[in-house]
Structures are given as structure tokens and as C-alpha cells.
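The following exercises are to be worked with the sequence and the coordinates at hand. Each task is followed by a solution in steps.

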Amino acid sequence: MSQTNSKRKIFGVLFYSALLSPLFFYVWFFDRPELPLSFVMFLYGFWIVMLFLDMRITLSLKDLIKKYEDNGIFRFLYTKYKKSTAVVVQLIIEAVFVLMLPSLVFPREFGVPLFWDYQSSAIFAGIVGVFHGVAWWSNRKNVKEILNNQKHH
């Protein structure tokens, strides 16, 4: 990966992290109104669609994974196992991460049992969906670059 491309990706992650961090902290540390179920479902759906688009374009070219994939876990799984195994394991890891992390780190008073906070999880899913959308958009450019390089060789 070129140094310019690395800097661009790092800047993109930092930019979107800064953009979304107020929402993230609002979810975890402040009393918020109940979200309508339709909005919760929209956030989960958005995450799933963006995850699908990102995985689809990422898996379209091996060179894309080798040169541009930022997810070290997926890159490792892809090189170590079959493509289908890597995808299934990555999906399980991400689903557990998105669905359970908010419940595990949500501040609770001492003695309050662990519970699944589906609203925080939905907001977190929406945030992760934005990152998948950014990765998908970035990979569209990378695919064009790889295909152009393949034509010239």
C-alpha cells in the first residue's frame, strides 16, 4: 500500500471517527429518549446492507484484499482459510461485536445485571455501517486502479 494511500485511509478513519464520536458518547453516557422501533430496524438494516456491499466489493478481487484491506482480522482469515470460512468467521465476529459491545461497556450501577441494550447496539450498528459505506466507496476507486494496472501489464 502506498504511503499516500495509507495517509488518506488514516485521515478518513480519523475524520469519520471524529464526526461520529459525539453520537457514540451520547449513546453510552447520557440519558437518551427511546428510539422508535422503525428507526432501530433501519439502523440494523443499514449496517447489514453496507456490510454486504463492502464484503461483496472486497471479495471481488484478490489484489484488493492483499493491497487495500484495512481489516487485519479479515486479511488474516482470508489468507489462512478458504474464502467461505473467512467470510463466515468475519460475519460472526462482527455480529458479536456490534450486537454485544454496547451492552458490555454501557455504564451500569453496581449490581445491575448485564442486559442486551438493543437501542445502543442499533446506533452502534449504524456507526459501523457508515464505516462499511466509506470502505465500499474507497474500494470502488481501488478496483478501478487494480483493473487499470492489470490492463497495462
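Helices (H or I, at least four residues) and strands (E, at least two) are DSSP runs, numbered from the N terminus. The model is predicted, so local features need pLDDT of at least 70 and side-chain atom pairs count only at pLDDT 80 or more, while totals for chains, interfaces and linings use all residues. Residues are numbered from 1 along each chain as its sequence is written, and side-chain values use heavy atoms, with hydrogens and water left out.

**Exercise 1. Overall description**

Task: State how many helices and strands the protein chain has, and characterise its burial, contacts and surface.

Solution.
- Step 1. The protein chain has six helices and zero strands, and its pattern along the sequence reads α-α-α-α-α-α.
- Step 2. Of the 153 residues in the protein chain, 35% are buried. Buried means under 20% relative accessible area, exposed over 50%, and partly exposed in between (1.4 Å probe, protein chains only).
- Step 3. Among contacts in the protein chain with a separation of 6 or more, 69% join residues 24 or more positions apart. Contact means heavy atoms within 4.5 Å.
- Step 4. The exposed surface of the protein chain is about 10000 Å², of which carbon and sulfur atoms supply 70%. Such areas come from the Shrake-Rupley method with a 1.4 Å probe; for residues, only the protein chains shown count as cover.

**Exercise 2. The two sides of helix 4**

Task: Determine which residues of helix 4 are buried and what covers them.

Solution.
- Step 1. In helix 4 (residues 72–80), the buried residues are Phe74, Leu77 and Tyr78.
- Step 2. These residues lie on the same side of helix 4 because they cover an arc of only 100° around the axis. The arc is that of the directions from the helix axis to the C-beta atoms.
- Step 3. A general rule applies: an α-helix has 3.6 residues a turn, so residues three or four places apart point the same way.
- Step 4. Thr79 and Lys80 are exposed on the other side of helix 4.
- Step 5. The cover over the buried residues of helix 4 includes helix 2 (37–58), helix 3 (62–68) and helix 5 (83–105).

**Exercise 3. Packing around helix 5**

Task: Classify how helix 5 packs with helix 4, helix 2 and helix 6.

Solution.
- Step 1. Axes are lines fitted to C-alpha atoms, for helices over the stretch in contact, and angles run from 0 to 180 degrees between N-to-C directions. Angles under 35 degrees count as roughly parallel, over 145 as roughly antiparallel, 65 to 115 as roughly perpendicular and the rest as oblique.
- Step 2. The axes of helix 4 and helix 5 cross at roughly 150° and come within 8 Å, which means that helix 4 is roughly antiparallel to helix 5. On the helix 4 side, the contact involves Ile73, Phe74, Leu77 and Tyr78; the helix 5 residues include Lys83, Ala86 and Ile93.
- Step 3. Helix 2 packs against helix 5 at an angle of about 150°, the axes being 13 Å apart; the two are therefore roughly antiparallel. Helix 2 contributes Tyr44, Trp47, Leu51 and Met55, and the helix 5 partners include Leu91, Val98 and Leu99.
- Step 4. For helix 5 and helix 6 (residues 118–152), the angle is about 140° and the axes are 7 Å apart, so helix 5 and helix 6 are oblique to each other. Among the residues in contact are Phe97 and Pro102 of helix 5 and Phe124 and His132 of helix 6.

**Exercise 4. Individual residues**

Task: Decide whether Asp54, Asn142 and Lys83 are buried or partly exposed.

Solution.
- Step 1. Asp54 is placed in helix 2 and counts as buried because its relative accessibility is 9%. Asp54 and Trp136 lie 82 residues apart in sequence, yet 4.6 Å apart in space, C-alpha to C-alpha. Not counting residues up to four places away in sequence, Asp54 touches His132, Ala135, Trp136 and Asn139.
- Step 2. Asn142, in helix 6, is buried with a relative accessible area of 1%. From Asn142 to Lys67 the separation is 75 residues in sequence and 9.2 Å in space, C-alpha to C-alpha.
- Step 3. Lys83, in helix 5, is partly exposed, with a relative accessible area of 42%. Beyond residues up to four places away in sequence, Lys83 touches Leu59 and Tyr78.
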